[in-house]
Amino acid sequence: MSVSQLTSPVTVPTSSTPGRFGVYGGRYVPETLMAALLELDAAYAEAQADPAFHVELDGLLKDYVGRPTPLYFAKRLTETLGGAKIYLKREDLLHTGAHKINNALGQALLARRMGKQRIIAETGAGQHGVATATVCALFGLECVVYMGEEDMRRQELNVFRMRLLGAEVRGVASGSATLKDAINEAMRDWVTNVRNTFYILGSALGSHPYPTMVRDFHRVISIESKRQILAHEGRLPDAIVACVGGGSNAIGAFYEYIPDTNVALIGVEAGGRGTALGEHAARFAKNGGGVPGVLQGTYSYVLQNDAGQVAATHSVSAGLDYASVGPEHAMLHDSGRATYTSATDEEALNAVSVLSRTEGIIPALESAHAIAEAIKLAPKMGKDKILMVNVSGRGDKDIGIMTREMNLSGVEAKG
Amino acid sequence: MPIRFNKRPGLVIYLTAGDPDLATTREMALAAIDNGADVIELGVPFSDPLADGPVIQRASERAVARGTRLSDVLTICKELRAARPAAGIILFSYLNPVVRFGLPAFAKAAKEAGADGVLLTDMIVEEAGEYLQVMREHDLMPVFLAAPTSPDERLKAIAEASRGFVYAISRVGITGTQTELASDAQGLVERIKQFTTLPVALGFGVSTAAHVKAVGDFADAAVVGSAIVGLIEKTAAGEEAKAVGEFVAALRGGNAA
């Protein structure tokens, strides 16, 4: 490698360098991490080419994680909304309660292959932390999870679960004490302990090869759903809706349909409590403050002020409360292949109520953003149309927030 | 002009611009230069300094909270250049503020402000194509970081891409003071020197006069950052420039700082 061969620029990156999604993605990290990233890239490529790796992963996904997840026709929700037929992809039924374990398991197998005994992870809502703690218990690996103190407070149940599973949860007080700050701290740990530590990153974010690797481990969602919808309906859906924080469940739910251009792909970001910078996490919203930039290793849309300082974010759901978004979503956004919309805190809370009472399914607040979009969209679609919603996680972790926000406690709880 | 290290080891002093305020940053930089610093690294504060330890994180947070912008740092650079024509000045930043400013616009403004070079913490050589081109066009020196974990082929590319000096990171990890210099630092400097005649400056954990002296045994310059930034944090308002001047003089004098 010599200077003359260094060709990938900053402001207009090329798509030919590793880990590029159009102009987005890439590797923007402190040099100390580069050897580890190159080692990971090579180990991942080798594992992908090894049938034994897939046999073990698929076996555990089936017998331990509980795949395949059902694709369920939500009859009462469909009737209530009076439009498109709604199918729910039930990632909430997986072991640990969310899609996150698809990726945590894959990366843990990779860590074991590479002989790394110490695992670190970041977590927002705690679902990736719980999934990582779970697979570390399964494989006997040391596990440290970084979590913003604000998120520890609002997702306390998941903190207890991680500790019960034997993980050490380290609170992060810097910044807004949420997901972004947890990733900063995990990266500081990694740069310090890089020689013996594997960083299980939980969303389709960060430096190459993470966005590709995380997406690959979640592709199973759309591989299954495609087979399932063809079995149910004999055709593909008209639209697929998924919530987008970093974007791991959405990219998994979308991926196999990207060439099927008749299938609309709709990502739902956190609209929070307002449109001003700091009040939401809608990176793709027009005039919302999201513009391309570099955060935590990758080039993608970043909520920031005009001086390039990363903005605070707000969402009732900790898992969507993040200033940037996976680079593949940035590409899908710019190309128009996927569209991105948002749901407010209030709309998400309402969606929790609607899904709980029509289908007996309590979704995570993150997934409720996707349900909220379905509630808006389905009535505008004909009854012959099919709308698929990825229910990325279950809502048990959010019962405290729901109880407060929806006034469910006490004898006078609203019916 | 080329970066010149007048004595061995040369001394590079890092300051987080805007902490405690821009005027004080300028005064502290002048005090550092007048007491023996060869090069000032003007740190552009960033909201998410993931390569930095707690001391520089706090300084960065304070400077961002005061509204310090890249354009302000360029202004300070211009004032320093006018006041001290011979000193080396490097703009030290995370990538995002520069991307937001616009890379070509930044390079043009940096040159006009009299900066000698630029160090971007999260820029690796493979991604640096346009960056290097723009640096060349504006006659600015790109300084890259080299890490103990970098294998020789990466050190070669880093050395070839760098101008002015190569910044060797003494140990794996984030910035911060240490009681002892890392034992693998010398090995790294020797590995870099296989590939370049550029000076090699060693930083991360270099915080005392004894460290600086020890660095002089195998490297061309020492970079002191967190120790200075931590000192500024503890110093009473109005006394910072004096404190920095004395600290730098002590680093230069070989007395225990």
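**Exercise 1.** In this predicted model, let's start with helix 3 of chain B: on the side of the helix where B:Lys78 and B:Ala82 sit, are these residues buried or exposed? Then work out where the buried residues of the helix lie around its axis.

*Solution.* Begin with the two residues named: B:Lys78 and B:Ala82 are exposed. Next, collect the buried residues of helix 3, which are B:Leu70, B:Val73, B:Leu74, B:Ile76, B:Cys77, B:Leu80 and B:Arg81. Viewed down the helix axis, these buried residues fall within an arc of 160°, so they line one face of helix 3 of chain B. The spacing fits a general rule: an α-helix has 3.6 residues a turn, so residues three or four places apart point the same way. Finally, look for the packing partners: the buried residues of helix 3 pack against helix 1, strand 2, strand 3, helix 4 and helix 5 of chain B.

**Exercise 2.** Now find how helix 5 of chain A is oriented relative to helix 7 of chain A.

*Solution.* Take the geometry to begin with: helix 5 (residues 127-139) and helix 7 (residues 156-164) of chain A pack at an angle of about 10°, and their axes are 9 Å apart. Angles under 35 degrees count as roughly parallel, so helix 5 of chain A is roughly parallel to helix 7 of chain A. Then see who touches: helix 5 contributes A:Gln127, A:Gly129, A:Val130 and A:Ala133, while helix 7 contributes A:Asn158, A:Arg161 and A:Met162. Sorted by class, this contact has three nonpolar, three polar and one charged residues.

Definitions and conventions:
Residues numbered from 1 in each chain as written. Chains lettered and ligands numbered in written order. Predicted model: local features only at pLDDT ≥ 70, side-chain atom pairs only at ≥ 80, totals over all residues. Heavy atoms only, no water. Buried < 20%, exposed > 50% of the residue type's maximum accessible area, 1.4 Å probe, protein only. Helix = DSSP H or I, 4+ residues; strand = E, 2+ residues; numbered from the N terminus. Arc of directions from axis to C-beta. Contact = heavy atoms within 4.5 Å. Axes fitted to C-alpha atoms, helices over the stretch in contact; angles between N-to-C directions. Parallel < 35°, antiparallel > 145°, perpendicular 65-115°, else oblique. Nonpolar A, V, L, I, M, F, W, Y, C, P; charged D, E, K, R; others polar.
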